[in-house]
Amino acid sequence: MGIETEYGIAVPGRPNINSMLASSQVVNAYANSALAGRQDRARWDYDEEQPLRDARGYDMSRAEADPSQLTDEDMGMANLILTNGARLYVDHAHPEYSTPEVTNPLDAMLWDKAGEHIMAEAARLAAQAPGGQPLQLYKNNTDNKGASYGCHENYLMDRQTPFIDIVSGMTPFFISRQIITGSGRVGVGQDGSESGFQLTQRADFFEVEVGLETTIKRPIINTRDEPHADPELYRRLHVIVGDANLSQTATYLKMGITSLTLSALEAGQLDASLMPHNPVAELHAVSRDSALTHRITTRDGRKLTALEMQWEFHEAATKHVAQQLGSDTDWQTQDVLDRWADVLDRLKRDPMSLASELDWVAKRALLDGYRKRDAADWDSPRLQLVDLQYSDIRPDKGLAYKLEERGRLQTLVSPEQIRAAVVEPPTDTRAWFRGKCIQQFGESVAAASWDSVIFDIPGRNALQRVPTLDPLRGTQQNIGDLMARADSAAGLVDELKGG
């Protein structure tokens, strides 16, 4: 699994700044300083990418695709492969950080937090560069002027799972999980002009149930069929319907409960009758219901709250884990199940008791304090500024970081672990090989992608491509000794060919 996050970007006092240029300055500043020239040559390898392949069995033509969908084209924008196995690049008008592949929700959260630190440092370096200007980055999902930018989750799935089952099983899950994963928003509607508070920042921007697009006609279930792995074995569920979270607990639960629900789906444990009668309308309604009383009408006529629907998914995941693992359940799986149940129970009794764990509740608590003190309505500009400042990734300015500092927002990993994840890759996926190649042989890496590393070795007639289609090969355990004894890229490639 992994997370891709586009960051909001602004230059104070310059509302009409070219955001693509500003985003490039951020990424290039990190390359020039923090990476110390280690990645001067390596480019992102687009050759194997297929963003227009649809899980419903066809390829969209390039002529009918929106330009934002053509993510397999090198637009000449800044694009880095980092030593921790992640990707840092410019995605149209935003700097974007994609975590390395990981095998569990705690690692997904850890390398996502590392991305916040990388982005904050990149913005600081860009401001200090000759001709630089102060740049502010926000880990949020809307500018409240009608634009939205994504935080996308990715989960590797069994190719044998019928896509229609994914649609019927996961649509109600994504609609109802907003009560846990939302980051909170002041304003209703795409431009935020309607007064009010809602659970999520993304819901108002979704218009269809199923589709390939990610920036227009956004679908609850995205059909991009680009597994970045062996396509005979896997599909990648590209989830675009979630918020960017600052709370460590919220990110951990988001990835944990979704991966467990997908596992239950693959095992045939999900109830297809939970599918809502009108999914898009229900997605909007749940987000706008901070009292958690709205009832979702299912296609079989039942009326369930999002809480009740989440309990159904928790029950299915619990049953699946018991059948598959029994007494061998690992601690993290059990921890996710336990926290999931605890959160649902407390959301029913007193949602505000979760102010130290869930972003939307933490933000609501802050906003309610200002509303009480200043007698402010929801359309107050002051509340919109508080909303924005919550997502500011400057450690001394961001309100989420201030809450963490004061012990009012729960943490699950230490600052030392996050600092290590900024430079080191996870050890148990192919990201370890990719990151270590950049660390040890960066001057010889011509290009890389999720499923290959390409070397340019002096004296060789052609580039040397090392495929990495299996996400669980290239780990520290299976090639750590080889990487330790390799004294050059040529030696590494020769050993890989020989073995």
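Two strands count as paired if DSSP finds at least two bridges between them. Helices (H or I, at least four residues) and strands (E, at least two) are DSSP runs, numbered from the N terminus. The model shown above is predicted, so local features need pLDDT of at least 70 and side-chain atom pairs count only at pLDDT 80 or more, while totals for chains, interfaces and linings use all residues. Residues are numbered from 1 along each chain as its sequence is written, and side-chain values use heavy atoms, with hydrogens and water left out.

## The six-stranded sheet

Let's start with strand pairing. In strand E10, Ile3 has Glu153 as its bridge partner. Strand E1 (residues 2-6) and strand E10 (residues 151-158) run antiparallel and are joined by four bridges. Both belong to an open sheet of six strands, ordered E6-E7-E8-E1-E10-E15, with antiparallel pairing. Its edges are strand E6 (79-81) and strand E15 (234-242), each pairing on one side only. On average, neighbouring strands here are turned by 20 degrees against each other, direction ignored.

Two helices meet this sheet. For the angles, axes are lines fitted to C-alpha atoms (for helices over the stretch in contact), and values run from 0 to 180 degrees between N-to-C directions. Contact means heavy atoms within 4.5 Å. Helix H1 (residues 19-34) packs on the sheet and touches E6, strand E7 (87-91) and strand E8 (94-98), its direction making about 160 degrees with that of E7. H2 lies across E1, E7 and E8, and runs at about 145 degrees to E8.

## The four-stranded sheet

A second open sheet has four strands in the order E3-E18-E19-E20, with mixed pairing. Strand E3 (43-44) and strand E20 (464-467) are its edges, each pairing on one side only. Strand E19 (residues 452-455) runs antiparallel to E20, and four bridges join them. Within that pair, Val453 has Val466 of E20 as its bridge partner. Helix H13 (residues 431-441) packs on this sheet, touching strand E18 (445-449), E19 and E20, and its direction makes about 20 degrees with that of E19.

## Nonpolar cores

Now for the interior. Buried means under 20% relative accessible area, exposed over 50%, and partly exposed in between (1.4 Å probe, protein chains only). A nonpolar core is a set of buried Ala, Val, Leu, Ile, Met, Phe, Trp, Tyr and Cys residues joined through side-chain atoms within 4.5 Å. The largest such core has 113 residues, of which Tyr30, Tyr97, Ile179, Ile180 and Leu347 touch the most other members. Helix H2 (residues 105-128) supplies the largest share of this core, 13 residues. Another core, of 22 residues, lies apart from it and includes Phe433, Cys437, Phe441 and Val466.

Which residues does Leu347 contact, leaving aside its neighbours within four places in sequence? They are Ile179, Ile180, Leu292, Leu307, Leu354, Leu358 and Trp360.

## Helix packing

The axes of helix H3 (residues 163-176) and H5 come within 11 Å and cross at roughly 150 degrees. That makes H3 roughly antiparallel to H5, on a scale where angles under 35 degrees count as roughly parallel, over 145 as roughly antiparallel, 65 to 115 as roughly perpendicular and the rest as oblique. On the H3 side, Asp165, Ile166, Met170, Phe173 and Phe174 make the contact, and on the H5 side Ile257, Thr258, Thr261, Leu262 and Leu265 do.

Helix H6 is largely enclosed by the rest of the structure, because seven of its nine residues are buried. The buried residues are Pro279, Val280, Glu282, Leu283, His284, Val286 and Ser287.

## Loop residues

Most residues other than glycine have a negative phi. Two loop residues have a positive one: phi is near 55 degrees for His228 and likewise near 55 degrees for Ala375. The table places them beside His277.

| Residue | Loop | Relative accessibility |
|---|---|---|
| His228 | between strand E14 (218-222) and E15 | 12%, buried |
| Ala375 | between helix H9 (359-374) and helix H10 (381-390) | 66%, exposed |
| His277 | between helix H5 (248-266) and helix H6 (279-287) | 59%, exposed |

His277 touches Thr297, Thr298 and Arg299, not counting residues up to four places away in sequence. The C-alpha atoms of His277 and Thr297 are separated by 5.9 Å, although the two residues are 20 apart along the chain.
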